[in-house]
Amino acid sequence: MSATLVVGGQYGDEGKGKILSYLAIHDKPDVVARAGVGPNAGHSVGYRGKTYKLRLVPCGFMAPSARFLIGAGVLVNADVFLKEIKECGIEKSAGIDRRATLITQEYIDADAASANSAKIGTTKTGCGPAAAARASRTAQFVESDPRLKPYLCDVPKEVNAAKRLLIEGTQGFMLSNLYGTYPYVTSKDTSAATFCADVGLGPRKVKDVILVIKAYTTRVGSGPFENEIGVEDAQKLGFQEYGTVTGRPRRTSPSLHWEELQFAAQINSANYIALTKLDVKFPACAGIRKYEQLPADAKAFVSEIESKVGIPVGLIGTGPDAEDTIDRRS
Ligand code: GTP
Ligand code: IMP
Ligand code: MG
């Protein structure tokens, strides 16, 4: 087996969706497995001229003739799952582990009504209350929703039998409940080891851990955020973004947070960085697909990242399309 795991290196929204779609097309996994918290994640994936806004199904849904699985560790909203598998045309190849937790309306209402959720600025998708219920052993498995019956499967069994496996982590390392900016974090750990457990793979089986980082830093929701600038300044730099799930303006820091990135590389045992939105920081990079063709300032930025974080930049995003990618992995 050859397994690749993708994790977010900042506060989520690093552009994991685009990197995952590149890997799905080029590495041709036979199994793509979604790990992470649940539908609090939002990924924008541009594929064949269409933009898909995904919260639950794997971003690598375009991998040819693959299985698309959701692990037991993921919190599942049945409506979101059913809508997205249809949108992506993967009704026949999608599966959910029967032990995954079902998000019910009760959890969504509790997330929306809770003063603590408001303080943290959660996505109000019911993830926190559902994770709490799972920890308290009062939650239901997805198998209790009759609409999900056709999709139930044994994810660890399929994942462990895969030849080329792609595991999709969500959120970002700094939102980890264990290692992030607690209490301004999500409801569980968001590091590589937890993503392995989410889909039922032992850590020794993972070959590559790819840490996705954006050329600048954004954060949605409350909590400490180094070197933050206002919306107007972010707009001037072309860095202002809006949340995929909530539509909220993302907070912006024009710099990379080196200590956080070093910590993320260590805890995730990452062996590659995927750097996204290099073209947003250096517009002359737009659409370039060969490293040699990058302008000198962009190359110097890549070298600075490699020397400060201590691992190679294996993939570089130079545009929104999956194919706008420089691949330097050996
Ligand atoms: P993840 O949650 O990490 O998947 O990121 P996201 O999808 O939430 O981020 P966002 O909603 O900001 O969407 C990213 C958008 O930026 C998508 O439309 C991508 O196609 C696009 N994008 C990703 N990588 C690059 C890149 O390298 N350059 C440019 N110009 N756009 C990119
Ligand atoms: P929750 O996960 O909805 O409980 O939200 C907790 C915190 O994590 C809030 O600050 C959210 O904005 C943030 N968060 C959760 N998931 C994501 C994500 O996928 N991208 C960015 N921020 C997220
Ligand atoms: Mg996102």
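## Exercises on two ligand sites and a sheet

In this model, a backbone N or O atom of Ser 44 lies 2.6 Å from an oxygen atom of ligand 1. The model is predicted, so to speak by the record of its making: local features need pLDDT of at least 70, side-chain atom pairs count only at pLDDT 80 or more, and totals for chains, interfaces and linings use all residues. Residues are numbered from 1 along each chain as its sequence is written, chains are lettered from A and ligands numbered from 1 in the order in which they are written, and side-chain values use heavy atoms, with hydrogens and water left out.

### Exercise 1: the site of ligand 1

Find the residues around ligand 1, and describe their character and the cover they give.

*Step 1.* Start with the neighbours. Ligand 1 is surrounded by 20 residues, and the closest are Gly 42, His 43, Ser 44, Arg 250 and Lys 277. A residue counts as near if one of its heavy atoms lies within 4 Å of the molecule.

*Step 2.* Look at the polar contacts (pairs of N or O atoms within 3.5 Å). His 43 places a polar side-chain atom 2.5 Å from an oxygen atom of ligand 1. Gly 15 comes in with a backbone N or O atom, 2.9 Å from an oxygen atom of ligand 1.

*Step 3.* Now take the cover. On its own, ligand 1 has 650 Å² of accessible area, and the protein covers 89% of it. These areas come from the Shrake-Rupley method with a 1.4 Å probe.

*Step 4.* Trace the shell back to the fold. α1 (16-26), β3 (43-47) and α10 (278-281) each supply at least two residues, and α1 gives the most, with 3 residues. Helices (H or I, at least four residues) and strands (E, at least two) are DSSP runs, numbered from the N terminus.

*Step 5.* Sort the shell by residue type: 2 are nonpolar, 10 polar and 8 charged. Here Ala, Val, Leu, Ile, Met, Phe, Trp, Tyr, Cys and Pro count as nonpolar, Asp, Glu, Lys and Arg as charged, and the others, Gly among them, as polar.

### Exercise 2: the site of ligand 2

Repeat the analysis for ligand 2, and name the pocket that each ligand takes.

*Step 1.* The shell of ligand 2 has 16 residues, with Asn 40, Thr 123, Thr 186, Val 220 and Arg 248 the closest.

*Step 2.* Thr 123 has a polar side-chain atom 2.6 Å from an oxygen atom of ligand 2. For Asn 40, a side-chain N or O atom is 2.8 Å from an oxygen atom of the ligand, while Val 220 uses a backbone N or O atom at 3.0 Å.

*Step 3.* The protein covers 96% of the 460 Å² of accessible area that ligand 2 has on its own.

*Step 4.* The shell residues divide into 6 nonpolar, 8 polar and 2 charged.

*Step 5.* Ligand 2 takes up the largest pocket, and ligand 1 sits in the second largest. On a 1 Å grid over the protein atoms alone, a pocket is an open set of points where a 1.4 Å probe fits, with protein on both sides within 12 Å along at least five of seven lines. To sit in a pocket, a molecule needs more than half of its atoms within 2 Å of the grid points.

### Exercise 3: the sheet

Which strands stand at the edges of the open sheet, and what does this leave each of them without?

*Step 1.* Write down the order of the 10 strands: β9-β7-β5-β2-β10-β1-β11-β14-β15-β16, with mixed pairing. Two strands pair if DSSP finds at least two bridges between them.

*Step 2.* Read off the ends. β9 (152-153) and β16 (325-327) each have a single partner strand, so one side of each has no neighbour in the sheet.

*Step 3.* Check one pair inside the order. β1 (residues 2-8) and β11 (residues 206-214) run parallel and are joined by 6 bridges; Val 7 has Leu 211 in β11 as its bridge partner.

### Exercise 4: a loop

Where is the cis peptide bond between Tyr 182 and Pro 183?

*Solution.* The bond has an omega of about 5°, and Pro 183 is in the loop between β10 (164-168) and α7 (192-199).

Note on methods: Polar contact = N/O pair within 3.5 Å; in protein donor to acceptor, adjacent residues only side chain to side chain. 1 Å grid on protein atoms, 1.4 Å probe; cavity = no way out; pocket = protein on both sides within 12 Å on 5 of 7 lines; lining within 4 Å.
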